[in-house]
Each structure stands twice: as C-alpha cells, then as structure tokens.
Amino acid sequence: MYIFQQLPLQTGPQTYDIVLSGIDYQLTFTYHDALDLGWLLDISFADGSPIIAGIPLVCGCDLLAQYQHLNLGGALIVLNANQMSPTYADMGVSLVLLYVTVI
C-alpha cells in the first residue's frame with residue numbers, strides 16, 4: 001500500500017520544516033532564472049545541516065531516486081497542471097509535490 005503526502009507549497013521561494021517518514025527535515029525552494037535552471041530544492045536536517053543541494057524540480061520522476069543511499073524513506077514526485085517544466089508562477093499555484101512511501 002502507498003501513502004501519499006502532499007507537501008505544502010506557497011507562491012515564491014520558501015523554506016520550511018517538515019516531517020517525512022518520522023524524520024524532521026528543512027526544505028528550501030529557490031528559483032534560478034539567470035541560468036535557466038528553474039526551481040531547485042535543497043534538503044537539510046532540521047538543524048540546517050545540508051543533505052542534498054540543488055535538486056531540479058523535474059515533473060513526473062522521483063527526485064530522490066539517485067539518492068537512495070541516503071535512506072530518505074520515500075519518493076518525491078513533482079506534478080504540474082500547466083506544463084512539464086515548472087515556471088516561477090507555478091509555485092504554490094499549479095505545482096504539486098508528493099512524498100510517497102510504501103507500507
């Protein structure tokens with residue numbers, strides 16, 4: 001059985017604390033228009049110690065797939081109702097971020 005947890009997203013760049021699979025994390029979302037990188041995600045422990053930096057928000061794939069060795073406990077999937085590549089305006093509007101775990 002799968003459990004889906006929709007992560008809260010607001011408009012614009014943001015940082016917030018969240019519990020995923022029983023562990024406290026800090027998520028930071030930044031937008032990098034100058035280099036045409038789009039939205040990037042940094043994942044840290046709750047105290048701010050970095051775990052992963054600069055994950056591009058790519059729709060339709062598990063953002064954590066290449067980091068399985070870190071045992072983050074689930075998959076992180078980006079969905080966007082408007083298009084495949086999220087724009088600045090999509091954050092908090094049409095962009096959905098799902099954390100998926102298997103029990």
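**Briefing: pocket, cavity and aromatic pairs**

The largest pocket is lined by Leu37, Gly38, Trp39, Pro56, Leu57, Val58, Cys59, Met84, Ser85 and Pro86. The model described here is a predicted one. Besides this pocket, the structure contains 1 cavity of 30 Å³ or more, and 6 aromatic pairs are found in it. The points below take up these topics in turn.

**The largest pocket**

- The space in the largest pocket amounts to about 150 Å³.
- Its lining comprises 8 nonpolar and 2 polar residues, with no charged residues.
- Gly38 is one of the lining residues, and glycine is counted as polar in this classification.
- The lining also includes Trp39, a residue that returns below as a member of an aromatic cluster.

**The largest cavity**

- About 60 Å³ of space lies in the largest cavity.
- Leu20, Tyr25, Leu27, Ile43, Leu64, Leu72, Leu76 and Tyr99 form the lining of this cavity.
- By class, the cavity lining has 8 nonpolar residues, no polar residues and no charged residues.
- Two tyrosines, Tyr25 and Tyr99, are among the residues that line the cavity, and tyrosine is counted as nonpolar here.

**Aromatic pairs: tyrosine 16 and phenylalanine 29**

- The structure holds 6 aromatic pairs, one of which joins tyrosine 16 and phenylalanine 29.
- This pair is stacked, with 6.1 Å from centre to centre and 25 degrees between the planes.
- Tyrosine 16 belongs to strand β2 (residues 14–20) and phenylalanine 29 to strand β3 (residues 23–32), so that the pair links distant parts of the chain, 13 residues apart.
- Both tyrosine 16 and phenylalanine 29 are buried.

**Aromatic pairs: tyrosine 31 and tyrosine 88**

- The ring centres of tyrosine 31 and tyrosine 88 are 5.3 Å apart, and their planes stand at 80 degrees, so this pair is edge-to-face.
- An angle over 60 degrees between the planes is what counts as edge-to-face.
- Because tyrosine 31 lies in strand β3 and tyrosine 88 in the loop between β6 (75–80) and β7 (95–102), the pair ties together parts that are 57 residues apart in sequence.
- Tyrosine 31 has a relative accessible area of 24% and is partly exposed.
- Tyrosine 88 is likewise partly exposed, at 39% relative accessibility.

**The aromatic cluster**

- Tyr31, Trp39 and Tyr88 are linked by ring pairs into a cluster.
- Within this cluster, Trp39 also lines the largest pocket.

Key. Residues numbered from 1 in each chain as written. Predicted model: local features only at pLDDT ≥ 70, side-chain atom pairs only at ≥ 80, totals over all residues. Heavy atoms only, no water. 1 Å grid on protein atoms, 1.4 Å probe; cavity = no way out; pocket = protein on both sides within 12 Å on 5 of 7 lines; lining within 4 Å. Points joined across faces, edges and corners; volume = space filled by probe spheres on them. Phe/Tyr/Trp six-rings, centres within 6.5 Å; stacked < 30°, edge-to-face > 60°. Helix = DSSP H or I, 4+ residues; strand = E, 2+ residues; numbered from the N terminus. Buried < 20%, exposed > 50% of the residue type's maximum accessible area, 1.4 Å probe, protein only.
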